Amino acid sequence: MQESAIAAARLREVVRSASRGLIDREALLELIVLAAVAGEHVLVVGPPGTAKSEAARRISKLLGGRYFEYLLGRFTEPAELFGPIDLQKLRSGVIETRVTGMLPEAEIAFLDEVFRGSTAILNTLLGILAERRFHAGSKVHDVPLRVCIGATNEIPEDESLAAFADRFLVQVYVEPVSDTQLEELLAVIDAEHQTTGIGTIADVDVLREAARRASLVQIRPALADAVRVLRQHAIVLSDRRMVRTQRLLAAAAALDGRDTADARDLWPLIHAIPGAAQQQQARDLLREQLASSQSQSLTNAAEHASSGPLVRAVRLLETGTQLLAQARDPRLDLQLEAVAREIDASFAPERQPANIAELRQAIVARLATPLEPSASGG
Amino acid sequence: MGAIELAWKPRDQPLPPLAVLGIGKLAYTLARALSQRPELLEVAEVVAGHELICVRAPTELLPWADGVVYLGREPTAPELFLPTTLTPHFAPTLLLQACIRAGHAAPLCVLPQPRCIISLARARKADPSTLDAWLHAGATR
C-alpha cells in the first residue's frame, strides 16, 4: 500500500509537470495515466494543432519509458513501425524482424493519424494492442507496451475500422483552446517545464498491480445500473467495452490509494463511451450517479467526466490558492472573480465545503481592497 | 383556489450560470461593471428596474460581486431561469405555466429570496447612455 501511495504521488507530479505550458490539457494527461495503469489505450480525437502529440511526448519523457512515435499515412510501410526484415537471418532462411528502437519495443507509443495505416499495419497493430504480442515470422515478441495513444482528426465512419477503434477503450475529444484562455496559450512560449526524472514506468507497473487486485464488488451494481440507463437512451457499450471499463474504475481507485472501487470511481465510464455527443449525453443522463465522483490524483479528468461537486471543489481550491499566492494585478483580479463566480454559482452557501468557504472569504477580502495604481502611471 | 407555498431545495448539480441578478446596492455594482467592460457590454442583454438589474451573458463574462445571484436555465422548462443551486419542490414546468397564467411574460426568472418573478422578455442590449442615466438616477434617489 505504501509503495502504491508513493507511485501515485509521483504520477500526480508527472501530470502536474507535464501540464505546465499545456493549456486545458490536464484531463487528457490524466486520462493517459489512467489508461496506462489500467493497461488500456487512448484515442485522442481533435483537430490538428491541439497538442495531442505534445501531451504524449511529455508523459513519456517524464516517465522515462521507451517511447515510439510515428505519423501514419496511406503509404506507410509496416517496416517503418515494426522494423525491417533481418537480412542476415533471411540468408539463412529464417524470417525475423529487427525490432530494436521500433514499436514492438516501446513502453509508450504515440501513433498520429492512426486510422490511415494500411490493412497490414492495422491488423498487426490489433495484435499488439489487444495481446501485446508481435508476430514476426517465426518469432513472437512480447511487447512491453503500457499505453498506446492514437490520434485522429475524426473517427472514420468505415465499418471495417470499427474493430480497430474498439481497441482504444478510452476516447478523449479535444477542442482548440477557448476564447477565455487565449492569453494563457500565447504565453506558453515563455513557460518552462521539467522534461525528465519525475516518475518511472515502474510506478505505472506498481499501480497496475494494485488496480488488478482492487475489489470491484461495490461498484459493479452501480456500473450495471449506469449501463442500463445509457441503453434506455440508445447509448450502447459493447460487451467488451463494458467489461473492460472495470479496469478503468479499478485504476481510478488504485491511483487514489484505495483497494476497493466505489461510487467515487464511476466517472471513467464516460470516457469509454464512443462519440463526443454520446459522452455529453451520458454526462447529463448519469448526473445523479456521478454526483459523488472524486479523485485526488485525476481531478481534472474526474471533473470533466462527472461535473461532480467534490472534484469541482478540489479544482477551485487549487486554482484559487495559486492565484491568491501571486502579486496583485488587474488580470489576476479578474481570474479571482471568475473563481468566486464559480463558487457562488456552484455551491449554495449552506453547502459550501469549509475550505471553499474559507477560500471565498479570502477572495472577497482581497477584492475588497482597492488595487494600488501602477508606478508608471501619470 | 388557494395559493400554494413555493418551497425550494438544493440541486444535486448546479445549473451553468447564464445570468446574474443584483438587487439594491448590488444592482448598481453590476451596472458599473457592465459599463466598464466593453466586451461584456457588446454581448450582454439587460433588464433593469427600480434597484434591480439582471444581466444575461456567456458564463465566462458574467460579472461577480459579493451577494449577487447567478441564474441558470432550467433544463425541463428552458424559458425558466432559476438560481443555479436551487430547484423548486414541484415540477418547474408547472411553475412556469403558473407564472405565465398569472400574466408574466416568458422567459422569466423566479427567486426564493426575495420572493419575486422577473420577466426577461424585454431584455435587450445595454445602451451605454441609458445605463449611465439609470446609474445616475439611482445615485440621486
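This talk goes through a sheet in chain A, a hairpin in chain B, a buried glutamate and some salt bridges, all in a predicted model.

I will start with the sheet in chain A. Five strands form an open sheet in the order E2-E3-E6-E1-E7, and the pairing is parallel. Which strands stand at the edges? They are E2, residues 67–71, and E7, residues 170–173; each has a single partner strand, so one side of each has no neighbour in the sheet. On average, neighbouring strands here are turned by 15 degrees against each other, ignoring direction.

One pair inside that sheet can be followed residue by residue. Strand E3 of chain A covers residues 108–112 and strand E6 of chain A covers 147–152; four bridges join them in the parallel sense. If you want a place to look, find Ala109(A), which stands opposite Cys148(A) in E6(A). As general background, strands of a sheet pair through backbone hydrogen bonds, either parallel or antiparallel.

Chain B gives us the antiparallel case. Strand E3 of chain B, residues 45–49, runs antiparallel to strand E4 of chain B, residues 52–56, and five bridges join them. Gly49(B) has Leu52(B) as its bridge partner in E4(B). Two residues lie between the strands of this hairpin, and Glu51(B) takes a positive phi near 55 degrees. E3(B) also pairs with strand E10 of chain B, residues 124–125, again in the antiparallel sense, over two bridges. There, Glu45(B) is partnered by Lys125(B) in E10(B).

Now back to chain A for a charged residue. Glu30(A) sits in helix H2 of chain A, which spans residues 26–38. How far away is the nearest side chain of opposite charge? It belongs to Arg16(A), at 7.9 Å, and Glu30(A) is buried without a salt bridge. What the Glu30(A) side chain does reach is the backbone nitrogen of Thr299(A), at 3.4 Å. Leaving aside neighbours within four places in sequence, the contacts of Glu30(A) include Val15(A), Ser297(A), Leu298(A) and Asn300(A).

That leaves the salt bridges. Over all chains, a search of the whole structure finds 30. I will show a few from chain A.

Arg58(A) forms a salt bridge with Glu54(A), with the closest N and O atoms 2.9 Å apart. Both residues lie in helix H3 of chain A, residues 52–63, and they are four residues apart, about one turn of the helix. Arg58(A) has 9% relative accessibility and therefore counts as buried, whereas Glu54(A), at 26%, counts as partly exposed.

Next, the side chains of Asp284(A) and Arg287(A) meet in a salt bridge at 3.1 Å, N to O. Asp284(A) is partly exposed, with a relative accessible area of 39%. Arg287(A) is partly exposed as well, at 28%.

Then there is Arg360(A) with Asp344(A), whose closest N and O atoms are 2.6 Å apart. Arg360(A) is in helix H17 of chain A, residues 354–368, and Asp344(A) is in helix H16 of chain A, residues 330–346, so the pair ties together parts that are 16 residues apart in sequence. Buried or exposed? Arg360(A) counts as buried at 15% relative accessibility, and Asp344(A) is buried with a relative accessible area of 15%.

The last item is a network. Asp256(A), Arg258(A), Asp262(A), Arg264(A) and Asp265(A) are linked in a network of salt bridges.

Terms used
Residues numbered from 1 in each chain as written. Chains lettered and ligands numbered in written order. Predicted model: local features only at pLDDT ≥ 70, side-chain atom pairs only at ≥ 80, totals over all residues. Heavy atoms only, no water. Pairing = 2+ DSSP bridges. Axes fitted to C-alpha atoms, helices over the stretch in contact; angles between N-to-C directions. Buried < 20%, exposed > 50% of the residue type's maximum accessible area, 1.4 Å probe, protein only. Lys, Arg positive; Asp, Glu negative; His and termini not counted. Salt bridge = Lys/Arg side-chain N within 4 Å of Asp/Glu carboxyl O. Polar contact = N/O pair within 3.5 Å; in protein donor to acceptor, adjacent residues only side chain to side chain. Contact = heavy atoms within 4.5 Å.
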